[in-house]
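User: I'm just starting out with protein structures and I'd like a close look at one part of this one. Could you walk me through the pocket, and then show me how the parts around it fit in?

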Amino acid sequence: MKKIFLLAVFIPMIGNAQFKDLIKKGQSKISTITKTNSGIDISAGLKEALNKGVTDQVSKLTALDGFYKNEAVKIIMPAELQKVDKTLRKLGMSSLADDGIKALNRAAEDAVKESTPIFVSAIKNINFSDAKNILMGKENAATAYLQNATTKDLYTKFSPVVKQSIGKVGADVIWSNIITKYNAIPLVNKVNPDITDYVTNKALDGVFKMITVEEKNIRTNLGSRTSNLLQQVFAMQDKK
């Protein structure tokens, strides 16, 4: 009878101790959720790779012709304005159409220059809840995660920067001239495009494309892993 009583007393105590131990283990796991058994911080490595993309690749977009002469990200007239482009060229106003396209790209180049800190901050604050899966994913998995997680907020911050840049480089005047001339042509459907929205989205697309270039480079080119952390983290990917 005493044995039964003792068991009745100690079993809950053992269970409670085990429960507390599980809580401690869970708390420890939360604090090291992106670390491997060897202490490698995968999340920090992915953030460094994305920051490297901004530093090494996105910065190229801020130079003169960074968008305009880069076919991967060059901004052309929006689809709904292709008819505007064709009509202007038919009427001998090709230079005006070309100026319009160049102005869009100049605005993007200037805006990205002014907004680089926005992208750096977004990367810094991103929470990689499943860093290992991202590391072992596709060659653009980290960039895609960043894009999906931040595009809405980045658009909100980036749009006023683009609007300011459009005015700074004179794209607003050029496009106002284009639209005025086009709408004055008999029998055409009048247009009034939101150039700020268009350039904002295209500039964001360009930024993420260039970050993808660097991510792929780090994943496939050992020489691009320029820090011990990048080497350690992406060496894990090499073994998959």
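Analyst: Let's start with the largest pocket, which has a volume of about 160 Å³. Keep in mind that this is a predicted model. The residues lining the largest pocket are Lys 163, Ile 166, Asp 172, Trp 175, Ser 176, Ile 179, Asn 192, Pro 193, Ile 195 and Thr 196. Sorted by class, that lining has 5 nonpolar, 3 polar and 2 charged residues.

Now, which helices each supply at least two residues of that lining? They are α6 (141-168), α7 (171-183) and α8 (195-220). Of the elements, α7 gives the most, with 4 residues.

Two of those helices also lead us to other spots worth a look. Take Ile 166, one of the lining residues. Its C-alpha atom is separated by 8.5 Å from that of Asp 110, although the two residues are 56 apart along the chain. Asp 110 itself lies in helix α4 (residues 94-125). Is Asp 110 buried or exposed? With a relative accessible area of 9%, Asp 110 is buried, because anything under 20% counts as buried. Leaving aside neighbours within four places in sequence, Asp 110 is in contact with Ser 165, Lys 168 and Val 169.

Next, follow α8. Arg 219 lies in this helix. At 5% relative accessibility, Arg 219 counts as buried too. If you skip residues up to four places away in sequence, Arg 219 touches a whole list of residues, including Ile 134, Leu 135, Ala 141, Arg 225, Phe 234 and Gln 237.

Phe 234 and Gln 237 bring us to helix α9 (residues 228-238), where the buried residues are Leu 230, Val 233, Phe 234, Met 236 and Gln 237. Seen down the axis of α9, these buried residues fall within an arc of 135°, so they line one face of the helix. That pattern is easier to picture with a bit of background: an α-helix has 3.6 residues a turn, so residues three or four places apart point the same way. What covers the buried residues of α9 includes α2 (42-61), α5 (131-135) and α8.

Back to the pocket's surroundings, and to the loop between α7 and α8, where you'll find Leu 187. Its phi is near 70°, a positive value in a residue other than glycine. For background, most residues other than glycine have a negative phi. Leu 187 counts as exposed, at 89% relative accessibility. Asp 65 also has phi near 70°, again a positive value in a residue other than glycine. This residue's place is in the loop between α2 and α3 (82-90). Asp 65, at 17% relative accessibility, counts as buried.

Finally, step back to the whole chain. How many helices and strands does the chain have? The secondary structure comes to 9 helices and 0 strands. Of the 240 residues, 41% are buried. Among contacts with a separation of 6 or more, 79% are between residues 24 or more positions apart; the pair of Asp 110 and Lys 168 is a contact you've already met. As for the outside, the chain exposes about 13,800 Å², and carbon and sulfur atoms supply 56% of that area.

Conventions. Residues numbered from 1 in each chain as written. Predicted model: local features only at pLDDT ≥ 70, side-chain atom pairs only at ≥ 80, totals over all residues. Heavy atoms only, no water. Buried < 20%, exposed > 50% of the residue type's maximum accessible area, 1.4 Å probe, protein only. Contact = heavy atoms within 4.5 Å. Areas by Shrake-Rupley, 256 points an atom, 1.4 Å probe, with all protein chains shown as cover. 1 Å grid on protein atoms, 1.4 Å probe; cavity = no way out; pocket = protein on both sides within 12 Å on 5 of 7 lines; lining within 4 Å. Points joined across faces, edges and corners; volume = space filled by probe spheres on them. Nonpolar A, V, L, I, M, F, W, Y, C, P; charged D, E, K, R; others polar. Arc of directions from axis to C-beta.
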